[in-house]
Amino acid sequence: SPEGQKVLAVAAWMLIWWISETVELSVTALLPIVLFPLLGVMNIDQATAPYSNQVIFLFMGGFFIALALEKWKLHLRIALTIVRWTGTNADGIIFGFLLSTALMSMWISNTATTLMMLPIALSVVSLLQKQGEKMSAGMQNFALALTLSIAYGANIGGIATLVGTPPNSVMAGLLNKLYGYEMPFGAYMLVGFPFAAVLLICTYFIMVKWIYPNRIGKFEGAEHIISASLAELGKTTLPEKRVLLIFGITAFFWIFRTYLVQIFPFLKPLTDSGIAMAAAFSLFLVPSGKPNQKILAWKDTANIPWGVLLLFGGGLSLADGLEKSGLIKWVGEVVASYQGLDMFWLVLIISLLILFATELLSNVALTTVFVPMVAAMAVGMGENPLLVVLPVTMASSCAFMLPMGTPPNAIVFASGYIKIPQMMRVGLWLNLVSVVLLMLIVYFLLPFAFDVEMGKLPEWAKK
């Protein structure tokens, strides 16, 4: 449609500016507010609405928590403890953060996980970088890989379970609504967990051993630095304890929210964003334990990366434009028009399409639009819908190339250690590895986990 062409042109403009960094990334993110109303794609209210999406407030609340951790040096205490556990080998520290972030993200929102882990990772970098010295090439690669490991660990870990990331829940809900099919939690894990585990290992080797090797080895004198730094911090202070309590309560509600809602139905309106903002609110109310001083004061918020909120808002506004102009639907119809496609090629094309589309579009929006479409295509071919529905859902979470691809990518980009070309360099290879793994999953693990027979339509899909 003409609207679709206009939105595609805006997307190209934004993508070129984001990659080339012609202007600040946050400035590029404001383009939809100017261009969409002028081009007649949507009015100003619709163009600006995504900038106040609930996920923006999840970011904001997380940034406030991170700010409190930093203000009272609690992040430094946690970082010192983690480094003491993982050892002082540079690659070992990166792997420790990659693994722990992925394990947390299996059960907690990947955005919340990133918001919790990034301040700790950044404090590890500042701790091990010698003060006053210019950062060496090896140290730059270490900082880059460590921050990327937080985003990639959060994205990959979320794929492992049905509750790990919103697209998985959306997929399960759509299958239930369309076909009355209840997605078994355990069966999904038999597919999702191996995929996530292998992709996590591949990520480590691609990033740390191949593209960004640091060759630092063991940090010299690190044991002494860690011991001295912990001694300098002394005993845990009252403000630290209060920040840790708020942080712990927030993490508890993020982790167990879905279970608490089942026990206490009145908590149903509670969301991850609401929890994050409640935590932020409390930081400005709770006394620090020092005279006339709360845990956070508004002047502290000068250090919040406000530009990242605009960056993600711009990505959401662009995704809205792509959806409202009918562009996503058009792409789906073009793929669906090839009726003579073999199942192998259908899965491969759809997976590639979703993998690269999710770099720009909301993964929830992609799942919502494509799951019913590809399920209908599979049924029309006499195949089990799960053969295409699961790869589509898992591929939608494999956004590794651009900051606006997923919230974790946007958050770690704010650290200042990553440039878009650097993220794209690793992300492109991870996307290609993901496609190979998805094909292997479909043909070897999925039939076993869900008792799927190729070329046979299950009874539930005939309804």
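Me: Which residues of α19 are buried?
Reply: The buried residues are Leu386, Leu387, Val388, Val389, Leu390, Pro391, Val392, Thr393, Met394 and Ala395. That makes 10 of 10, and α19 is mostly covered. Keep in mind that this is a predicted model.

Me: What is the secondary structure of the chain, in helices and strands?
Reply: Count both kinds of element. Here there are 21 helices and 0 strands.

Me: How does the radius of gyration compare with that of a compact globule?
Reply: Set the expected radius beside the computed one. For 463 residues, a compact globule would have a radius of gyration near 23 Å. The chain has 23 Å, so the two agree. A second view is the box. Along the principal axes, the C-alpha atoms fill roughly 70 × 50 × 50 Å.

Me: What share of the residues counts as buried?
Reply: Burial is judged by relative accessible area, and under 20% is buried. By that cut-off, 54% of the 463 residues are buried. The accessible surface of the chain is about 19,900 Å². Carbon and sulfur atoms hold 66% of that surface.

Me: How much of the contact set joins residues 24 or more positions apart?
Reply: Start from contacts with a separation of 6 or more. Of these, 78% join residues 24 or more positions apart.

Me: How far apart are the mean positions of the positive and negative charges?
Reply: Average each set, then take the distance. The chain has 26 positive and 23 negative charges. Their mean positions lie 10 Å apart.

Me: How do I check a helix such as α15 against its expected span?
Reply: Use the rise of 1.5 Å a residue. Helix α15 covers residues 306-324, which is 19 residues, and should span 27 Å. Its end C-alpha atoms are 27 Å apart, so the span agrees. After α15 comes glycine 326, with a positive phi near 85°.

Me: What does the span check give for α17?
Reply: Helix α17 runs over residues 343-357 and has 15 residues. From first C-alpha to last it reaches 21 Å, close to the 21 Å expected. Its buried residues include Met343, Leu346, Val347 and Leu348. Ile350, Ser351, Ile354, Leu355 and Ala357 are buried in α17 as well.

Me: Where does leucine 346 sit, in sequence and in space?
Reply: Leucine 346 is in helix α17. Its relative accessible area is 2%, so it is buried. Now link it to α19. Valine 388 is one of the buried residues of α19. Leucine 346 and valine 388 are 42 residues apart in sequence, with their C-alpha atoms 8.1 Å apart.

Me: Is threonine 358 buried or exposed?
Reply: Threonine 358 is buried, with a relative accessible area of 0%. Its place is the loop between α17 and α18 (363-380). Check its partners, setting aside neighbours within four places in sequence. Threonine 358 is in contact with Asn363, Leu366, Ala395, Ser396, Cys398, Ala399 and Gly405. Among them, Ala395 is a buried residue of α19.

Me: Which residues other than glycine have a positive phi?
Reply: Look at the loops. One of them is arginine 215, with phi near 50°. Arginine 215 lies in the loop between α11 (185-211) and α12 (222-233). At 73% relative accessible area, arginine 215 is exposed. Asparagine 292 also has a positive phi, about 50°. It is found in the loop between α14 (272-285) and α15. Asparagine 292 is exposed, with a relative accessible area of 87%.

Me: What does methionine 60 touch?
Reply: Place it before listing contacts. Methionine 60 is in helix α5, residues 54-71. At 15% relative accessibility, it counts as buried. Beyond its neighbours within four places in sequence, methionine 60 is in contact with Met277, Trp306 and Leu309. Met277 falls in the span of α14, and both Trp306 and Leu309 in that of α15. Another long-range pair is methionine 60 and alanine 302, 242 residues apart along the chain. Their C-alpha atoms are separated by 13 Å.

Me: How accessible is glycine 382, and where is it?
Reply: Glycine 382 is partly exposed, at 23% relative accessibility. It is in the loop between α18 and α19 (386-395). Not counting residues up to four places away in sequence, glycine 382 touches Gly455, Lys456 and Leu457. Proline 458 is 76 residues from glycine 382 in sequence. Their C-alpha atoms are 9.0 Å apart.

How values were computed:
Residues numbered from 1 in each chain as written. Predicted model: local features only at pLDDT ≥ 70, side-chain atom pairs only at ≥ 80, totals over all residues. Heavy atoms only, no water. Helix = DSSP H or I, 4+ residues; strand = E, 2+ residues; numbered from the N terminus. Rg over C-alpha atoms; globule rule 2.2 N^0.38 Å. Buried < 20%, exposed > 50% of the residue type's maximum accessible area, 1.4 Å probe, protein only. Contact = heavy atoms within 4.5 Å. Areas by Shrake-Rupley, 256 points an atom, 1.4 Å probe, with all protein chains shown as cover. Lys, Arg positive; Asp, Glu negative; His and termini not counted. Charge placed at Lys NZ, Arg CZ, Asp CG, Glu CD. Expected span 1.5 Å × (residues − 1).
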